[in-house]
Amino acid sequence: MKKILFLLCMTCVLVACVSNPTYIEQEGATLKTIQVTVKANEWSYTQQGTADQFNNNYFYAVVDMPEITKEVFNYGEVKAYAVFDRNSLTYARKHLLPYVLHVEEPTNTGEWLYFTETYDFTYGIGWAEFNFRTSDFAYEDNVNINPPAMDFDIVITYPQD
């Protein structure tokens with residue numbers, strides 16, 4: 001009886017080890033990483049006039065991206081990352097976009113401000129756009145508020161021939 005149980009268990013183990021994967025392995029994927037820096041003065045603002053002052057406005061920066069061809073758009077993959085402290089061995093980090101950061105900041109009066117920063121990314125054939133907004137929309141009340149310079153990485157996976 002023990003031998004039959006042992007053989008039954010061994011058969012189950014061997015059958016479990018032989019399975020067909022549900023993915024297709026591809027060798028030699030071509031990847032390209034493009035580093036992009038958006039300077040503080042390169043951010044544009046969606047507000048066009050005083051009538052749309054409170055219309056969920058945000059900052060954006062468009063960059064030419066000839067690497068995003070029609071073939072990449074239709075058959076490849078494009079991802080973007082926000083990069084912080086790129087040159088620091090200790091603090092360098094990347095966040096896949098969209099990236100949402102919950103922030104708390106002290107005011108001059110000792111109170112605290114709570115808001116969320118959202119970094120996002122969209123692209124098309126030949127271009128890419130980074131978006132930045134905060135949940136408190138303080139920049140709608142104070143036009144002197146502007147995002148700082150930011151670093152991004154765009155990673156393109158080219159379609160295989």
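Mentor: Start with a definition: a residue is buried under 20% relative accessible area, exposed over 50%, and partly exposed in between, using a 1.4 Å probe and protein chains only. This is a predicted model, where local features need pLDDT of at least 70, side-chain atom pairs count only at pLDDT 80 or more, and totals for chains, interfaces and linings use all residues. Residues are numbered from 1 along each chain as its sequence is written, and side-chain values use heavy atoms, with hydrogens and water left out.

Trainee: Why is Trp 43 called buried?

Mentor: Its relative accessible area is 7%. The limit is under 20%. Trp 43 is therefore buried. Phe 132 has 6%, so it is buried too.

Trainee: What share of the chain counts as buried?

Mentor: Of its 161 residues, 27%. The accessible surface of the chain is about 11,700 Å² (Shrake-Rupley method, 1.4 Å probe). Carbon and sulfur atoms hold 55% of that surface.

Trainee: How many aromatic pairs are there?

Mentor: The count is 11 aromatic pairs (ring centres of Phe, Tyr and the six-membered ring of Trp within 6.5 Å; planes under 30 degrees apart are stacked, over 60 edge-to-face, the rest tilted). One of them is Trp 43 with Phe 132, 6.4 Å centre to centre and 50° between the planes.

Trainee: What makes that pair of Trp 43 and Phe 132 tilted?

Mentor: The angle between the planes is 50°. Stacked needs under 30 degrees and edge-to-face needs over 60, so 50° is tilted. The pair links distant parts of the chain: Trp 43 lies in the loop between strand S1 (30-38) and strand S2 (44-45), and Phe 132 in strand S8 (residues 127-134), 89 residues apart.

Trainee: Why is the pair of Tyr 58 and Tyr 60 called edge-to-face?

Mentor: Their planes stand 65° apart, with 6.4 Å between the ring centres. The rule asks for over 60, so the pair is edge-to-face. Tyr 58 has a relative accessible area of 23%, and is partly exposed. Tyr 60 has 24%, and is partly exposed as well.

Trainee: Which residues form one aromatic cluster?

Mentor: Trp 43, Phe 84, Tyr 99, Tyr 119 and Phe 132.

Trainee: How do you know that Lys 94 lies over the face of Tyr 81?

Mentor: Lys 94 is 5.9 Å from the ring centre. The rule takes NZ of Lys or CZ of Arg within 6 Å of the ring centre and within 35 degrees of the ring normal. The distance of 5.9 Å meets the first limit, and Lys 94 counts as lying over the ring face.

Trainee: What is the secondary structure of the chain?

Mentor: Three helices and nine strands (DSSP runs: helices H or I, at least four residues; strands E, at least two; numbered from the N terminus). From the N terminus, the elements run α-β-β-β-α-β-β-β-β-β-α-β.

Trainee: What makes S1 and strand S9 (residues 150-158) a strand pair?

Mentor: Pairing takes at least two DSSP bridges. S1 and S9 have nine bridges, so they pair, and the sense is antiparallel. Thr 30 stands opposite Tyr 158 in S9.

Trainee: What is the order of the four-strand open sheet?

Mentor: S1-S9-S4-S5, with antiparallel pairing. S1 and strand S5 (93-96) are the edge strands, each pairing on one side only. The twist averages 30° from one strand to the next (axes are lines fitted to C-alpha atoms; angles run from 0 to 180 degrees between N-to-C directions).

Trainee: What about the open sheet of five strands: why are S2 and strand S6 (99-106) at its edges?

Mentor: The order is S2-S3-S8-S7-S6, antiparallel. S2 and S6 each have a single partner strand, so one side of each is left without a neighbour in the sheet. Two bridges join S2 to S3. Tyr 45 has Phe 59 in S3 as its bridge partner. S3 and S8 pair over six bridges. Eight bridges join S6 to S7.

Trainee: How do the side chains of strand S3 (residues 59-64) alternate?

Mentor: Phe 59, Ala 61 and Val 63 point to one face and are buried. Tyr 60, Val 62 and Asp 64 point to the other and are not.

Trainee: Why is Trp 112 called partly exposed?

Mentor: Its relative accessibility is 44%. That is neither under 20% nor over 50%, so Trp 112 is partly exposed. Trp 112 lies in strand S7 (residues 112-124). Leaving out residues up to four places away in sequence, Trp 112 touches Glu 104, Glu 105 and Pro 106 (contact: heavy atoms within 4.5 Å).
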